[in-house]
Amino acid sequence: MKKNIWIIAGIIFCVVFGASCSSDEVSDEQQKDKEINNVVIEQTPGEIVLTENQVKMVDDNNQFALNLMRETSKETTKNMVISPLSVAYMLGMLNDGADGTTRQEIAHALGFDKYDTKSINGFFGNLMTNAPLLDKQVELGIANALLSNKSIGAEFKGQFAANMKGYYQADAECMDFSQTDKVIGHVNEWCNKTTKGMIPEILKQGEISPSDAVILLNSVYFKAQWYYGFEEEFTTQQDFTTADGTKVKVPMMAKVTPLDYYGDESVLAVRLPYRDDKFCMMLLLPTAETTPLNELLNVLTAERWKAIADNMQPQNLILNMPRFNASTEQDMTLPLKALGIKAAFSPSDANFFGMLDNPAIPLFISMMKQKSRIEVDEKGTMASAVTVSSATTGSKPAEFLANRPFLFAITEMNSNIIFFIGKVTGE
């Protein structure tokens with residue numbers, strides 16, 4: 001297996017119809033932007049060809065994946081799954097429309113501090129185009145979509161729309177967000193379609209507001225059979241020791257098979273390939289039975305991850321692993337804030353002026369969440385994730401409700417000298 005390819009596989013687990021809502025016509029400036037930014041991503045079926053910088057970006061993004069896993073799993077004791085790649089795609093799109101501190105924090109969380117927006121877009125564009133072409137035996141789909149609120153005049157900038165189309169293959173539509181039921185239904189239909197029914201919905205009633213300006217979506221779908229499958233007749237009910245020491249019965253699959261293996265004083269690792277050996281599942285286990293899994297996770301870096309993979313050796317193994325599934329709905333706001341993305345979620349500090357034409361509609365991220373699901377059995381793996389974010393206007397009117405005692409004053413405007421002052425107490 002090629003080193004760059006399995007690293008990308010690890011990341012996976014761990015267009016635009018028109019920029020304007022108000023008219024089908026494209027302005028000369030927008031057309032110019034589209035022509036200048038006519039992105040062409042080279043297709044390389046069967047292989048993802050990475051530049052020297054993109055090889056480093058894979059390691060950087062793996063570190064983001066591990067950091068995000070640490071943050072999202074802190075309070076979770078049950079089975080869980082996230083797609084850091086799906087969140088990374090969301091941040092990549094937001095990064096394209098961001099500037100200043102907002103962009104710096106997004107790039108830093110991704111580990112992409114030293115790369116400009118074009119390089120970041122190119123990295124995601126390369127994966128977007130070529131990862132699904134790697135293996136005909138594997139179903140892999142990455143999809144992105146954009147919605148803008150025509151009821152408040154939110155129109156994507158030509159530059160932003162061109163980048164979303166060229167790099168992210170993102171469909172863009174304009175809708176009236178005051179019809180929230182219709183918008184939510186549309187988003188959930190997209191979610192159901194791109195995940196082939198694994199995740200039928202991502203939004204619930206009340207999660208979209210008429211004041212929201214844009215909605216961004218990403219989905220990742222994966223389905224593959226094992227290279228070395230398990231025979232169902234050898235699956236038996238066996239003990240599984242949970243984090244608190246309780247033993248529970250689980251359907252344990254079993255097989256004697258040659259696999260890439262690594263072991264040292266702190267970690268045991270095995271690599272399970274899928275057909276045709278382009279993707280794999282990595283399993284990592286603390287060497288000592290008494291070591292909590294979180295202890296391993298807390299010291300696992302991208303460098304350590306890479307070293308484990310690079311030093312694996314083929315070995316005939318007795319493999320026992322449970323048949324399992326997990327479904328997780330995760331609010332990504334707090335984990336991403338913990339990773340340093342703060343300005344993007346602040347009405348006063350967010351800078352997404354590269355996203356919309358109208359500078360009078362300043363944006364901040366009001367919601368970001370992900371739903372993920374995985375099913376692992378004797379035949380193989382199905383996994384899917386959808387990440388959604390909504391950006392609302394940061395210019396909400398302040399409220400002054402004089403329904404309690406207040407002061408009043410009559411002043412001269414220029415000098416501000418008080419002529420009269422008093423209070424109203426309601427008595």
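This passage describes the overall make-up of a predicted model and then looks at one cavity, one helix and one buried leucine.

The chain of this predicted model contains 11 helices and 13 strands. Of its 427 residues, 49% are buried. The surface that the chain exposes amounts to about 21,300 Å², and carbon and sulfur atoms supply 50% of that area.

A good place to begin inside the protein is the second largest cavity, whose volume is about 50 Å³. Its lining is formed by Trp 226, Tyr 227, Tyr 228, Phe 230, Lys 255, Thr 257, Leu 259, Leu 272, Pro 273 and Leu 319. Two elements, S5 and strand S6 (267-273), each give two or more residues to this lining. Strand S5 gives the most, with 3 residues. In character, the lining residues divide into 8 nonpolar, 1 polar and 1 charged.

Thr 257, one of the residues that line this cavity, belongs to strand S5, which runs over residues 247-263. Its relative accessibility is 2%, below the 20% cut-off, and Thr 257 therefore counts as buried. Leaving aside residues up to four places away in sequence, Thr 257 touches Tyr 228, Gln 315, Asn 316 and Leu 317. Among these partners, Tyr 228 also appears in the lining of the second largest cavity.

Attention can now turn to the helices. In helix H10, which spans residues 302-310, the buried residues are Ala 302, Trp 305, Ile 308 and Ala 309. Around the axis they cover an arc of only 125 degrees, and so they lie on the same side of H10. The spacing is readily understood in general terms: an α-helix has 3.6 residues a turn, so residues three or four places apart point the same way.

Helix H5 offers another view of the interior. This helix covers residues 100-110, and Leu 110 lies in it. With a relative accessible area of 0%, Leu 110 is buried, because the cut-off for burial is under 20%. Beyond residues up to four places away in sequence, Leu 110 touches Asp 60, Asn 61, Phe 64, Ala 88 and Leu 91. As for Val 87, 23 residues from Leu 110 along the chain, the C-alpha atoms of the two residues are separated by 9.9 Å.

How values were computed: Residues numbered from 1 in each chain as written. Predicted model: local features only at pLDDT ≥ 70, side-chain atom pairs only at ≥ 80, totals over all residues. Heavy atoms only, no water. Helix = DSSP H or I, 4+ residues; strand = E, 2+ residues; numbered from the N terminus. Buried < 20%, exposed > 50% of the residue type's maximum accessible area, 1.4 Å probe, protein only. Contact = heavy atoms within 4.5 Å. Areas by Shrake-Rupley, 256 points an atom, 1.4 Å probe, with all protein chains shown as cover. Arc of directions from axis to C-beta. 1 Å grid on protein atoms, 1.4 Å probe; cavity = no way out; pocket = protein on both sides within 12 Å on 5 of 7 lines; lining within 4 Å. Points joined across faces, edges and corners; volume = space filled by probe spheres on them. Nonpolar A, V, L, I, M, F, W, Y, C, P; charged D, E, K, R; others polar.
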